[in-house]
Amino acid sequence: MTALTLSTSGAAALRADAIVVGVAKSAKGPVVAPGAEAVDKAFDGKLASVLETLGATGGEGEVTKLPAPSGLKSPVVLAVGLGTALDKDDAYSAESLRRAAGAAARALHGFKKAGFALPVEAVEDAAAIAEGALLGAYAFTAYQGGEKDGKGEKSGSGVKEPLAEIAVLGGKPRDKAFKAAAERALALTEEINRARDLVNTPPNDLYPESFAAVVAAAGKEHGLKVQVLDEKSLTKGGYGGILGVGQGSEHGPRLVKLAYTHPKAEKTLAFVGKGITYDSGGISLKPAGHNETMKCDMAGAAAVFAAVITAARLGLRVNVTGWLALAENMPSGGAVRPGDVLRMYSGKTVEVLNTDAEGRLVLADALTRASEERPDAIVDVATLTGAMVLALGNRTFGIMGNDESFRTAIHEIAEEAGEQSWPMPLPAELRKGMDSPTADIANMGERMGGGLVAGLFLQEFVGEDIAWAHLDIAGPAFNDGGPFGYTPKGGTGSAVRTLVALAERTAAGDLG
Ligand code: BES
Ligand code: MN
Ligand code: ZN
């Protein structure tokens with residue numbers, strides 16, 4: 001795990017393995033960003049022209065490594081592109097700082113300690129730099145290269161470990177607000193990185209029972225109440241959706257409740273996560289080419305888990321209950337068939353027309369169960385539909401819900417937290433496509449607007465008069481492409497920042 005400090009020393013005096021500075025794009029070529037004055041001085045004020053000679057432009061995410069001149073205590077200078085300074089007052093947005101710090105940290109895998117001398121005008125800037133750097137300093141190496149050799153590398157394997165220590169320069173280390181921001185950034189990013197680990201863990205090791213054990217251990221560590229319903233209790237409770245999806249697997253399903261309470265809380269939030277530890281499609285089997293990354297289908301549950309633990313670590317004055325609907329969707333002689341009718345926890349019956357539309361089945365039971373406790377609001381998070389990926393691409397999640405102002409609030413909170421999202425409607429006319437001749441509803445409807453159809457299905461299982469939002473993170477949860485900014489390949493930790501920010505706002509009484 002990476003350590004974080006707010007450094008009191010200047011960029012020239014800091015003893016590290018590398019100093020990170022910012023470089024921005026301008027009409028006259030690259031310009032050195034504020035925070036790098038001492039480093040620029042060591043280059044006789046010529047850092048910008050040195051960078052230009054090397055072909056640097058200051059474009060977003062661009063990374064240039066230089067040997068440090070004498071006068072610096074660190075041997076390497078890394079200049080990271082901030083893009084164009086956007087604001088009218090020439091300030092860098094929190095997200096551009098976050099991304100630049102992340103790109104720099106990624107380029108420093110194999111280094112031990114780095115100082116980040118990026119522009120800090122306010123505490124939010126230091127927080128963004130810390131977050132980006134800590135999220136960039138992530139690698140999933142658990143299954144590679146044997147033991148570590150103590151040099152930041154796994155012995156002879158070429159597998160490089162991320163930075164062990166990050167020092168953020170330019171802040172006020174003794175200021176209460178800066179200290180709190182650093183603590184928050186560390187807790188948040190450690191939990192995001194843990195969610196990423198869970199998503200990246202192969203499905204032969206992460207299945208409902210082992211996932212539940214991880215949650216139980218973490219819950220215990222942080223003094224939270226954890227309740228795990230196994231197959232027996234699920235059967236007794238009548239959780240037909242979760243049981244139906246899980247019945248084809250050797251690994252039985254679980255419903256995990258993880259509750260954080262604050263003695264002075266005035267509000268309670270419920271977070272519900274889709275936790276399909278592997279989605280083969282079931283009897284409606286996915287074709288090759290569509291199942292290789294389906295270990296990511298529990299990313300919603302991982303995000304919920306991470307958010308509840310973060311809320312606890314930050315001691316937020318709000319109650320947050322996480323519901324993790326865990327199952328493995330597999331085909332077998334015992335698997336649910338297309339044509340089967342399931343009786344859900346709510347009592348409603350569902351005709352399963354496509355066993356690959358399994359997420360809505362496990363979520364439905366969890367939503368009904370969460371509703372019984374009458375929380376002030378429910379947010380579910382799910383890698384639910386390919387249709388949402390077609391609609392919004394790989395970096396943006398869709399937000400649906402039964403309350404427009406809540407949906408809007410979540411969109412704004414996500415934006416501020418640095419997560420791309422977009423509000424989506426739940427058009428009532430799409431409901432009739434799920435009419436079933438046999439049951440109360442079918443688990444599939446029209447193909448067009450498939451993400452919204454799934455949202456309409458879920459809505460039927462949310463309790464009366466409870467504000468509810470549904471985040472379809474099928475696009476951003478897992479990065480199949482190359483890494484960028486603070487986003488690694490593989491699991492991304494999508495939606496954790498949004499859920500945590502929502503809990504913080506609720507604790508502060510900002511939401512009705
Ligand atoms: N887990 C998938 C959705 C998904 C697709 C997640 C791509 C991440 C990336 C989900 O269970 C699924 O299979 N959905 C079907 C629903 C359809 C059968 C109604 C889909 O989107 O095709
Ligand atoms: Mn599926
Ligand atoms: Zn799925």
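**Two unusual backbone angles and a ligand site**

Good morning. I begin with Ala495, which is placed in the loop between strand 20 (490–491) and helix 14 (496–507). Please keep in mind that the structure shown is a predicted model.

Ala495 is not a glycine, yet its phi is positive, at about 85°. For context, most residues other than glycine have a negative phi. Is Ala495 buried or exposed? Its relative accessibility is 0%, so Ala495 counts as buried; the cut-off for that class is under 20%.

Asp465 also has a positive phi, near 60°, and is likewise a residue other than glycine. Its place is the loop that runs between helix 13 (450–459) and strand 18 (467–472). Here the relative accessibility is 76%, and Asp465 therefore counts as exposed, given that this class requires a value over 50%.

I turn now to ligand 1. The space that it takes is the largest pocket. Around ligand 1 there are 16 residues, and those that come nearest are Lys286, Asp297, Asp356, Glu358 and Gly386. By character, the shell comprises seven charged, five nonpolar and four polar residues.

Which polar contacts should be noted? In the side chain of Glu358, an N or O atom is 2.9 Å from an oxygen atom of ligand 1. The backbone contributes as well: an N or O atom of Thr383 lies 3.4 Å from a nitrogen atom of the ligand, and a backbone N or O atom of Leu384 lies 3.5 Å from a nitrogen atom of ligand 1. As for coverage, ligand 1 taken alone exposes 520 Å², of which the protein buries 76%.

Thank you for your attention.

Note on methods
Residues numbered from 1 in each chain as written. Chains lettered and ligands numbered in written order. Predicted model: local features only at pLDDT ≥ 70, side-chain atom pairs only at ≥ 80, totals over all residues. Heavy atoms only, no water. Near = heavy atom within 4 Å. Polar contact = N/O pair within 3.5 Å; in protein donor to acceptor, adjacent residues only side chain to side chain. Areas by Shrake-Rupley, 256 points an atom, 1.4 Å probe, with all protein chains shown as cover. 1 Å grid on protein atoms, 1.4 Å probe; cavity = no way out; pocket = protein on both sides within 12 Å on 5 of 7 lines; lining within 4 Å. Sits in = over half its atoms within 2 Å of the grid points. Nonpolar A, V, L, I, M, F, W, Y, C, P; charged D, E, K, R; others polar. Helix = DSSP H or I, 4+ residues; strand = E, 2+ residues; numbered from the N terminus. Buried < 20%, exposed > 50% of the residue type's maximum accessible area, 1.4 Å probe, protein only.
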